[in-house]
Amino acid sequence: MIPEIGQLALILALLLAVVQGTLPLAGAQRGVKAWMALSRPLAAGQLLFVAVAFLCLTWSFLGSDFSVVNVAKNSNSQLPAHYRIAATWGSHEGSMLLWVLMLSLWMQAVSIFSQSLPREMLSRVLSVMGLISVGFLLFLLLTSNPFERLSPPAAEGNDLNPLLQDPGMVAHPPMLYMGYVGFSVAFAFAIAALLGGRLDATWARWSRPWTTAAWCFLTLGILIGSWWAYNELGWGGWWFWDPVENASFMPWLVGTALVHSLAVTEKRGAFKRWTVLLAICAFSLSLLGTFLVRSGVLTSVHAFATDPARGLFILVFLALVIGGALMLFALRAPHVGGGGRFEMISRETFLLANNVLLIVAAGSVLLGTLYPLVLDALSGGQTKISVGPPYFEAVFVPLMSPMVFLMGVGPVARWKQAALPELWTLLRWAFAVSLASAVLTPLAAGGGSWGLRLGLFLAIWILAATVASVRERIRNFRGAVHERLAMQPRAWWGMTLAHLGVAVFVAGVTVVGTYETERDVRMAIGDTVEMGGNVFRFDGTTEVTGPNYRAARGTVTVLRDGREVLVLHPEKRTYNASGMAMTEAAISTGVLGDLYVSLGEPINARSWSVRIYHKPLVTWIWSGCVLMALGGLLALTDRRYRLRSTQQQRETAVTSAA
Amino acid sequence: MRAPAAALLAILVALGGVVGAREAVPTAQDPVAARRSVELARKLRCLVCQNQSIAESNADLAVDLRRQIDEQIAAGRTDAQVVAFMTDRYGDFVLYQPPLKATTVLLWAGPALLLLLAVLVLRRALRQQDETPAPAPLTGAERALAARLLRGEATAGRDEAR
């Protein structure tokens with residue numbers, strides 16, 4: 001009964017979405033207020049029905065209703081309750097339902113927070129989102145029904161893929177999808193502006209907070225995914241350039257470019273066409289990411305769907321959305337006026353250069369991800385190649401290094417016209433400090449690669465340039481330093497924090513890449529391994545029984561100067577339902593570095609192969625990402641987005657200016 | 001002295017440390033060779049896995065290939081020879097860094113071409129900027145309208161004119 005209610009709710013949501021995608025849009029074009037007035041209640045109705053459907057599915061998972069195919073395939077009666085909830089989005093069908101739920105949530109958020117928008121604009125935005133919703137609801141109902149029944153019902157479920165049974169599974173997909181789908185808001189704003197012919201700084205101001213919010217979610221989503229892989233996969237890597245990771249990374253790169261381009265459009269009125277194009281691209285890549293992961297064209301841990309009908313549907317949908325948007329862009333963009341003019345050396349140019357580097361980087365990731373697929377298809381399966389980390393690193397570092405360097409210059413450069421001598425005066429100390437640390441640190445540490453020098457230079461450069469930019473920023477204000485700092489708008493603090501996040505990230509990546517140590521040893525009870533001042537002693541394994549697995553639980557004691565400081569328990573689990581073996585690493589996390597121990601294979605009754613890693617500064621990688629996301633959130637709380645509270649001030653300001 | 005020690009070590013390994021050795025036995029003996037072995041294994045794809053290198057995977061094939069690499073390094077083969085051995089057996093698919101061939105020219109040249117294209121487009125856009133006249137400054141009435149629009153009081157402008 002419950003699954004049928006869910007199914008019905010989905011159908012009702014589809015009907016509402018069809019109306020929402022058409023009537024308010026037509027109303028906005030023809031000036032029919034009654035039609036436009038429908039958009040907000042329809043958005044609320046859609047959220048209601050999609051949420052009901054989602055809860056019905058969650059209910060079926062919680063109650064282990066194995067008469068539902070989806071539940072029977074992806075759950076098990078032994079599965080702990082929180083993983084049963086996570087299993088709701090663990091399957092292909094469930095994750096698409098999560099996608100639609102996120103879309104409804106964003107739609108409702110726009111409907112609530114953008115009430116001050118002109119009626120036409122709001123109607124168009126919600127209508128465009130409604131059309132996207134139609135596509136995904138149709139996809140769910142036609143090709144991926146999450147509520148399909150199984151007759152007769154299965155006695156027991158197949159279990160959730162053990163790889164997915166991790167706290168990361170609870171948080172990673174919702175965050176990632178909030179980001180992916182969040183770009184649909186920026187997309188809808190861009191399309192609405194193109195349709196309405198009003199593409200100006202006001203439009204940029206309206207869509208900027210939404211874009212920043214989506215970008216924050218995407219950053220957090222990717223970071224949780226990376227942290228999860230580090231914990232779960234058992235060899236301590238944090239990024240693999242897996243096609244599925246790339247699928248989420250491409251929208252992030254373009255989204256980052258979009259966030260910066262919107263800043264220029266809002267402040268200076270420039271880059272309008274470019275910004276619109278980026279908004280279209282960011283969402284298109286989100287859709288493409290969904291397609292790549294969901295159609296099963298990629299063979300990777302995430303791609304659990306292999307059904308050509310689904311692939312075809314998404315491909316047609318993709319062509320309609322992207323093609324339609326680009327066509328509209330081609331028709332309307334030539335009529336968009338230029339914006340504020342700027343000189344060759346100006347903040348605009350630096351931001352534009354960074355935009356270009358980010359886009360080329362995203363394009364290269366796309367090329368590397370799709371190339372093997374295209375080559376395979378063109379050669380009729382004769383030529384199979386793999387494109388992996390060596391390729392992406394070779395391409396990415398040369399593109400991102402100048403980008404990161406310019407990150408130091410942009411914030412201190414003036415809008416419109418900047419002078420190189422002035423920039424040099426502002427930044428020469430920052431430059432000297434970063435250069436010195438890049439040269440001296442490897443000397444002090446007894447050698448290092450060029451990669452280490454480059455990484456150190458860039459990390460210290462951003463840090464030092466940020467200090468310089470803060471000094472320059474508060475130079476012309478009066479009062480004590482902390483007062484002057486407190487006077488700066490939150491948007492500016494957000495940018496500063498996010499940039500510092502990049503510095504922390506680069507430092508982490510560089511140091512862990514250079515100084516990471518690894519020992520692959522076979523250990524019997526009582527054996528010890530020494531690494532970086534720590535002595536690891538293997539104290540054997542015990543059998544433990546988890547809720548849905550059995551495990552060999554190792555005990556590794558860490559000694560420093562002969563004293564026991566830490567006990568780690570890496571596990572080797574075998575899941576009951578699937579029989580799959582999983583490595584559960586034991587990690588001692590620290591600011592300066594992680595100790596990481598994972599069990600390999602048992603060699604005999606008393607000894608195991610054990611992998612032990614020391615990973616200095618590895619947590620800085622994720623801390624940097626957290627800082628970036630926090631920076632975004634801080635920027636979101638900037639007072640200029642809280643329109644109503646500042647209405648009075650702005651009115652007086654504008655009247656006096658006029 | 002060395003040979004008997006190595007023999008003893010081999011026995012210890014064979015017994016799996018039952019004798020009660022204190023210092024753990026590295027799975028690979030020579031640290032330099034071990035480093036090379038890991039570096040090589042990272043560049044090679046485990047063919048039966050879902051996008052894992054053979055350094056990362058614990059699948060039988062990966063374990064077997066890691067042993068192959070160790071043996072070949074011990075036999076004095078160069079990295080290039082080990083890679084050639086792998087590609088002869090499994091084709092280019094085994095390499096995470098695709099070799100430069102006619103079929104992969106676009107892959108390797110692509111990023112540079114993209115950058116070139118982007119710079120050209122950028123230059124054109126900047127030139128166009130120089131040619132288009134600067135937009136006229138807003139009139140007082142337009143400013144007031146903008147202020148009202150920002151507050152969301154009015155829905156004026158082009159749309160209302162329809």
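In the predicted model, G197 of chain A takes a positive phi of about 75 degrees, at a position just after helix α8 of chain A. The helix that precedes G197(A) covers residues 167-196 of chain A and has 30 residues. From its first C-alpha to its last, α8(A) reaches 45 Å, which is close to the 44 Å expected at 1.5 Å a residue. Of the 30 residues of α8(A), 25 are buried, and the helix is therefore largely enclosed by the rest of the structure.

Helix α8 belongs to a chain with 20 helices and ten strands. Chain A has 658 residues, for which a compact globule would have a radius of gyration near 26 Å, and the 27 Å found for chain A agrees with that expectation. The C-alpha trace of chain A spans about 85 × 70 × 55 Å along its principal axes, and buried residues make up 54% of the 658 residues in the chain. When contacts in chain A between residues at least 6 apart in sequence are considered, 74% of them join residues at least 24 apart.

The domain assignment divides out three parts of chain A, namely domain 1 (1-165), domain 2 (419-481) and domain 3 (517-615). Between domain 1 and domain 3 of chain A, the C-alpha centres lie 42 Å apart, and eight residues of domain 1 are in contact with eight residues of domain 3. On the side of domain 1 of chain A that touches domain 3 of chain A, four residues are nonpolar, three are polar and one is charged.

For the complex, the predictor gives an ipTM of 0.80 together with a pTM of 0.88. Chain B averages a pLDDT of 72, with 69% of the residues scoring at least 70. Among the elements of chain B, the highest mean pLDDT, 86, belongs to helix α4 (residues 79-90) of chain B, whereas the lowest, 38, belongs to helix α7 (residues 158-161) of chain B. Over residues 1-21 of chain B the pLDDT is below 50, and this stretch has 20 contacts in the model beyond near neighbours in sequence. The pLDDT is also below 50 over residues 156-162 of chain B, a stretch for which the model has twelve contacts beyond near neighbours in sequence. Where pLDDT is low, the predicted coordinates should not be read in detail.

Key:
Residues numbered from 1 in each chain as written. Chains lettered and ligands numbered in written order. Predicted model: local features only at pLDDT ≥ 70, side-chain atom pairs only at ≥ 80, totals over all residues. Helix = DSSP H or I, 4+ residues; strand = E, 2+ residues; numbered from the N terminus. Expected span 1.5 Å × (residues − 1). Buried ≥ 20, exposed ≤ 12 C-beta atoms within 10 Å, placed from the backbone. Domains from an automatic or database assignment. Contact = placed C-beta atoms within 7 Å. Nonpolar A, V, L, I, M, F, W, Y, C, P; charged D, E, K, R; others polar. Rg over C-alpha atoms; globule rule 2.2 N^0.38 Å. pLDDT = per-residue confidence, 0-100.
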